[in-house]
Amino acid sequence: MSFEQFLFYFFSTILVASAVAMITVRNPVHAALFLVLAFFTSAAHWIMLEAEFLGILLVLVYVGAVMVLFLFVVMMLDINVARVREGFVRLLPVGLVVAVGMMVVMAMVVGARVFQLESPGRADADYSNTEAIGQLLYTEYVYPFEIAAVILLVAIIAAIVLTLRRRPDSRYMDPAEQIKVQRKDRVRLIKMEAEKK
Amino acid sequence: MQQAMMEFWDGLPVIVQIVTKIMMIVGPLLLVVAYTTLAERKVIGYMQVRVGPNRVGPRGLLQPIADSLKLLLKEVIIPSNSDKYLFLIAPILAIAPALAVWAVIPFDDGMVLADINAGLLYLLALSSVGVYGIIIAGWASNSRYALLGGMRSAAQIVSYEIAMGFALVGVVMAAGSLNLGEIVMSQQGSVYHWFLLPLFPLFLVYLISGVAETNRAPFDVAEGESEIVAGFHVEYSGMAFAIFFLAEYANMILISALTALLFLGGWLSPFEGILPESAFALPLIGWLLDSGIHWLLIKTAFFLFCFLWFRATFPRYRYDHIMRLGWKVLIPVTIVWLFVLGVAFALGIGPWFA
């Protein structure tokens, strides 16, 4: 077994184990952390396939941002595990049908065609994955890329609009207003007669 | 003699060579971290017209060693009902990325542990992994103060990462590479070729979000002593606490070194292209004036001093103001400047984009 094969099996073992652990552990925070570990090891697989740009991006986007927000929500929620697990036996047949269906579909899509591919040869030493992806993205796939960008922008704006709520009762501080404040806005001098006894 | 040394070095197994190189980076780094804590207390002390630590060793120079010895000997207390494993893993998750990032930092031309293509991306990815240490510490402690600190810090780091990433996009555009060594070499020429001038707004954004990213004053709401005691590490003691401390200071040094590398030409000498060639040929003085690792160290030390200076100068930001600054000020500034950069590229404005 070469060192590369050893690394492959090493990372694969961790990946499969953490994926299984993710769906079996009871604590939701532990599950989220196992998912992080699964992302991390699949990034290692991508780096071994000489796709270092994609691998690092997976860590940056999914581990560094998406899962942090996920954990954020999971830690705040008080999830009752017992209630979530209720009806496991009753729903098992439905779950099995869905699982088998999904496996058949996946086998039809990827199937033998992909798994019997000859592994592509090693790239040259000066091969840069970042440059190769950039070249493709901005020439051949420039329209799909830009359309995807616009869809994402629409999604961002939609998310902001959906969650935006005006709260007239909340007190809000505007630092610019505070700095611009003048004496006459704050102090009012009143002249009044002295009162008689 | 030198020949024999090189032969001996090449004859060593690769793993020994790599481990030796790692030692040569991590050893001095930890030493610098230890003495940064002393420098912090001394600098802030003098700024507040105090003396600072001066009892242990000559002029207090052995203070960091006494401190670390004390922390080593203290008991690590595990709070009741805490998640024991995560509680102990959290400090490791904080320190590991903070040290691993140094693998791609070039100290001089070619003096780098791993000269990888996507160096800058690796850096961003690992520094975003560092936040897990803080979140997990906050959650596993089973304490409300710690959880609040962890939450604040997670939200703050995730938001400031965007501004930081956009600032780095500007650097990548100007340099045309993700490799840190190539980014420094593309600033070659003279002081005017450094990215400080053409990318000045991005430099400011990077420095500010760097301070926020490391949870330092004035953005240290994650450990705001006056409100949530010490935030995410309130339940930690002894060495587990010391490791969080180490990670924070290693990150500070990293941000300082990166600011020097990305915007101030790293190891390049400021006299390059200004003094005549003959000045660099002088013995010793020529070496000092010429580019080299000492310039990187000087620039890093300057930014490190700025970190301490900020702490002594600015009052702490309020939490909603931090979010406002990150999302509504820093991110728009970077986006506008990226557009300006694009125009500068299209028009070929020299000497940077010609």
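Me: How many residues does each of chain A and chain B bring to the contact?
Reply: Chain A contributes 26 residues and chain B contributes 25 residues, where contact means heavy atoms within 4.5 Å. This is a predicted model, in which local features need pLDDT of at least 70, side-chain atom pairs count only at pLDDT 80 or more, and totals for chains, interfaces and linings use all residues; side-chain values use heavy atoms, with hydrogens and water left out. Residues are numbered from 1 along each chain as its sequence is written, while chains are lettered from A and ligands numbered from 1 in the order in which they are written.

Me: And what area is buried between chain A and chain B?
Reply: About 2200 Å² is buried, and carbon and sulfur atoms give 78% of that. Buried area is the accessible area (1.4 Å probe) that two parts lose on being put together, summed over both. In chain A, the residues that lose the most area to chain B are Ile56(A), Leu60(A) and Met75(A), together 25% of what that side buries.

Me: How many salt bridges and how many polar contacts are there between the chains?
Reply: The count of salt bridges between chain A and chain B is 0; a salt bridge is a side-chain nitrogen of Lys or Arg within 4 Å of a carboxyl oxygen of Asp or Glu. There are 2 residue pairs in polar contact across this interface, both at pLDDT 80 or more. A polar contact is a pair of N or O atoms within 3.5 Å; within protein, one must be able to donate a hydrogen and the other to accept it, and residues adjacent in sequence count only if both atoms are side-chain atoms.

Me: Which helices of chain A supply residues to the side that touches chain B?
Reply: Helix H2 (28-48) and helix H3 (52-76) of chain A each supply at least two residues. Helices (H or I, at least four residues) are DSSP runs, numbered from the N terminus. H3(A) gives the largest share of that side, 14 residues. By class, the side of chain A that touches chain B has 20 nonpolar, 5 polar and 1 charged residues. Here Ala, Val, Leu, Ile, Met, Phe, Trp, Tyr, Cys and Pro count as nonpolar, Asp, Glu, Lys and Arg as charged, and the others, Gly among them, as polar.

Me: New topic: how many aromatic pairs does the structure hold?
Reply: Over all chains there are 21 aromatic pairs. Rings of Phe, Tyr and Trp (its six-membered ring) pair if their centres lie within 6.5 Å; planes under 30 degrees apart count as stacked, over 60 as edge-to-face and the rest as tilted. One tilted pair is Tyr160(B) with Phe219(B), at 5.9 Å centre to centre and 50 degrees between the planes.

Me: Are Tyr160(B) and Phe219(B) buried or exposed?
Reply: Both Tyr160(B) and Phe219(B) are buried. Buried means under 20% relative accessible area, exposed over 50%, and partly exposed in between (1.4 Å probe, protein chains only).

Me: What salt bridge does Arg316(B) form?
Reply: The side chain of Arg316(B) meets that of Asp220(B) at 2.8 Å, N to O. Arg316(B) lies in the loop between helix H14 (293-313) and helix H15 (319-347) of chain B, and Asp220(B) in the loop between H9 and H10 of chain B, so the pair ties together parts that are 96 residues apart in sequence. Arg316(B) is partly exposed, at 28%, whereas Asp220(B) is buried, at 10%. Salt bridges that share partners also join Glu40(B), Arg216(B), Glu248(B) and Arg311(B) into one network.
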